[in-house]
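Student: I have a model open and would like to talk through its binding sites with you. Shall we look at it together?

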Amino acid sequence: MTFDKIYQFNFPTTIRFGCDSSKELGAYLTSNNISRPLVVTDPTVAQLDFFKSMITDLKKKNLSVEVFSDIHKNPVKSDVYKGSDLYDETKRDAVVGVGGGAALDVARAIVLRINHRDDLFKYDDLIGGDVFATNDVPHFVTIPTTAGTGSEVGRSAIISDDETHQKKILFAPKLLAKIVFADPVLTMDLPPAITAATGMDALTHNMEAYLAKMPHPMCEGIALQGIALISKSLANAVNKPDVESRSNMLIASLMGAVAFQKGLGVVHSLAHPLSSLLDTHHGLANAVNIPYGMEFNIAGFEQKFRQIARTLELKEETGKGVVRYLFDLNASINIPHKLGAIGVKREHIDTLADLAIADFAHPNNPKPVSRNDFKTLYEKAL
Ligand SMILES: NC(=O)c1ccc[n+]([C@@H]2O[C@H](COP(=O)([O-])OP(=O)(O)OC[C@H]3O[C@@H](n4cnc5c(N)ncnc54)[C@H](O)[C@@H]3O)[C@@H](O)[C@H]2O)c1
Ligand SMILES: [Fe+2]
């Protein structure tokens, strides 16, 4: 590899990783002179026992806590406005995001909005809006409760338009959390279907990052280790979860998000339109598409697929072996082989292909993907 151009490598923030690390939250806030946090979550997590105990513990430590959980499954702009209004009305001094990718994205977008009051989508990264994120942002802490997106170590938030459902990406380096409390205990009771879908999202991040075009040997190393951890743990985390499988999945999802600063690829571009058009969960959309997208990528990249196959400890050290492994893994965690099983119909394919070619992920795919390729891939997966 000859580095005749200059690339930027970014690594994340302080991560407190391990069982019960989330119990350090109260002491951390107090030692940083924070006394009035806004805790952002989703309506389901807000009802879970670990969340209620977390809030009780903060109150016991004499912190004034306000919870905001009024958010959509695929979060929209008005969710962010409601949360930032609550922050102002109740005079908060920090934001703590607790939840899956959806809640953490809303928390991060609220962090941006507090001192950036133009229309939220003015800050859309795809139209160069990151340059407007010039003001300070509140102190931001993240606590993941799924093991998939790795949004806890991210610097972007995916928020949809209320009317068009188009997904926008808000991005700014200052939106990185000051600290992450990654506590596998919080993921212990994740239902099997969510564990499977979010886990496949993490696997897709690691595989696509490893293959992505940008030269980044550090991320390639992280991605391969992420793949190894997931291959040892995802089926167990779904079918007979224990602390080891939950811990491996949580660290591997964090690693996937670190690795994908190198780029994503064809699978994410196949998946995003399913969420915009049919409200499919992001991880599930990746899970069904990944065997087909990886098969598309083999020719010309046999060496890299051999490395993935070795990392997975497959007998068949080829791209074909990797594709077979992905189908088998999906089957073992009850993810369907075909898009038809998750509500995709033939009449959707043209619109899906239009959305996929306009998506931001595939320009980093190791090889170019045309609209016709997307159409063929959707047809194959149908
Ligand atoms: N910012 C990024 O870098 C990034 C990357 C990829 C995806 N995303 C976004 O992340 C979102 C998807 O995130 P996700 O896959 O984590 O799903 P999610 O946040 O939608 O959560 C999935 C479901 O699991 C529930 N849940 C969460 N934690 C739980 C727990 N501990 N126990 C029981 N149930 C629990 C939630 O209430 C929800 O119903 C999408 O909105 C997507 O656009 C963001
Ligand atoms: Fe993803």
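Student: Why is the arrangement of the four donor atoms around the iron ion (ligand 2) irregular or regular?

Tutor: Keep in mind that this is a predicted model. The four donor atoms around the iron ion subtend angles of 86 to 168 degrees. A tetrahedral site needs all angles between 85 and 135 degrees. Because of that spread of 86 to 168 degrees, the arrangement counts as irregular.

Student: Which residues coordinate the iron ion, and how are they spaced in sequence?

Tutor: Happy to list them: D201 gives an OD atom, while H205, H268 and H282 each give NE2, at 2.1 to 2.2 Å. D201 sits in helix α5 and H268 in helix α8, 67 residues apart, so to speak linking distant parts of the chain. The spacing of the donor residues reads D-x3-H-x62-H-x13-H.

Student: Is D201 buried or exposed?

Tutor: Buried means under 20% relative accessible area. D201 has 2% relative accessibility, so D201 counts as buried.

Student: Now for the other ligand. What share of the accessible area of ligand 1 does the protein cover?

Tutor: Let's start with the polar contacts. A side-chain N or O atom of D105 is 2.9 Å from a nitrogen atom of ligand 1, and one of K167 is 3.2 Å from an oxygen atom of the ligand. Of the 870 Å² that ligand 1 has on its own, the protein covers 90%.

Student: Which element gives the largest share of the shell around ligand 1?

Tutor: Elements giving two or more residues are α4, β6 and α5. The largest share, three residues, comes from α4.

Conventions. Residues are numbered from 1 along each chain as its sequence is written. Chains are lettered from A and ligands numbered from 1 in the order in which they are written. This is a predicted model: local features need pLDDT of at least 70, side-chain atom pairs count only at pLDDT 80 or more; totals for chains, interfaces and linings use all residues. Side-chain values use heavy atoms; hydrogens and water are left out. A polar contact is a pair of N or O atoms within 3.5 Å; within protein, one must be able to donate a hydrogen and the other to accept it, and residues adjacent in sequence count only if both atoms are side-chain atoms. Accessible areas come from the Shrake-Rupley method with a 1.4 Å probe; for residues, only the protein chains shown count as cover. Helices (H or I, at least four residues) and strands (E, at least two) are DSSP runs, numbered from the N terminus. Donors are N, O and S atoms within 2.8 Å of the metal (3.2 Å for Na, K and Ca); water is not among the atoms, so sites may look incomplete. Four donors count as tetrahedral if all angles lie between 85 and 135 degrees; four count as square planar and six as octahedral if opposite donors are over 155 degrees apart and all others between 65 and 115; anything else is irregular. Buried means under 20% relative accessible area, exposed over 50%, partly exposed in between (1.4 Å probe, protein chains only).
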